[in-house]
Amino acid sequence: MTGRHRDLNYARLTRGGFFLGLGLFALGAIGELAIGATGIAVPAWEHRLLVDAEWIGVLLALLSPFVFGIVLPLTE
């Protein structure tokens, strides 16, 4: 096994991961705001799903540039 990562496009992966995280965060935040603004009752699992989307979105947006932009190119 070689040290190469099959010629990955790190810039594309970095941008894609960042924007995916940003999208997940926005989806969760907009969903929570919509539920709060309309005052509708939703099951607990739907509320938890939106909160988890926000957390995962933040982590993905913060870790993608570090992993795909710094760590993986240095290990090659």
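Let's start with Trp45: in this predicted model, Trp45 is exposed, because its relative accessible area is 58% and anything over 50% gets that label. You'll find Trp45 in helix H2. How far apart in space are Trp45 and Leu20, C-alpha to C-alpha? They sit 22 Å apart, with their positions 25 residues apart in sequence.

Now compare that with another residue of H2. Leu60 also has its place in this helix, and its C-alpha atom is separated from that of Leu20 by 7.5 Å, although the two are 40 residues apart along the chain. Leu20 even turns up among the contacts of Leu60: setting aside neighbours within four places in sequence, Leu60 touches Gly17, Leu20, Gly21 and Pro65. Is Leu60 buried, exposed or something in between? Its relative accessible area is 26%, so Leu60 counts as partly exposed.

To see how such pairs come about, step back and look at the helices themselves. Helix H1 covers residues 10-38 and helix H2 covers residues 44-75. They pack at an angle of about 165°, and their axes are 7 Å apart. Angles over 145 degrees count as roughly antiparallel, so that is how H1 and H2 are arranged relative to each other. Their crossing is left-handed. What kinds of residues make up the contact of H1 with H2? By class, there are 21 nonpolar, nine polar and two charged residues.

With that picture in mind, move over to H1 and find Gly31, which has its place in this helix. The C-alpha atom of Gly31 is 6.7 Å from that of Leu50, and these two residues are 19 apart along the chain. Gly31 has a relative accessible area of 17%, and because buried means under 20%, Gly31 is buried.

Our last stop is Thr14, another residue that lies in H1. Is Thr14 buried or exposed? With a relative accessibility of 16%, it counts as buried. So which residues does Thr14 contact, if you ignore its neighbours within four places in sequence? They are Ser64, Pro65, Phe68 and Gly69. Pro65 may ring a bell, as it is also one of the contacts of Leu60. Thr14 has a polar partner as well: a polar atom of its side chain lies 2.7 Å from the backbone oxygen of Tyr10.

Conventions
Residues numbered from 1 in each chain as written. Predicted model: local features only at pLDDT ≥ 70, side-chain atom pairs only at ≥ 80, totals over all residues. Heavy atoms only, no water. Axes fitted to C-alpha atoms, helices over the stretch in contact; angles between N-to-C directions. Helix = DSSP H or I, 4+ residues; strand = E, 2+ residues; numbered from the N terminus. Parallel < 35°, antiparallel > 145°, perpendicular 65-115°, else oblique. Left-handed = near helix turned anticlockwise from the far one by under 90°. Nonpolar A, V, L, I, M, F, W, Y, C, P; charged D, E, K, R; others polar. Buried < 20%, exposed > 50% of the residue type's maximum accessible area, 1.4 Å probe, protein only. Polar contact = N/O pair within 3.5 Å; in protein donor to acceptor, adjacent residues only side chain to side chain. Contact = heavy atoms within 4.5 Å.
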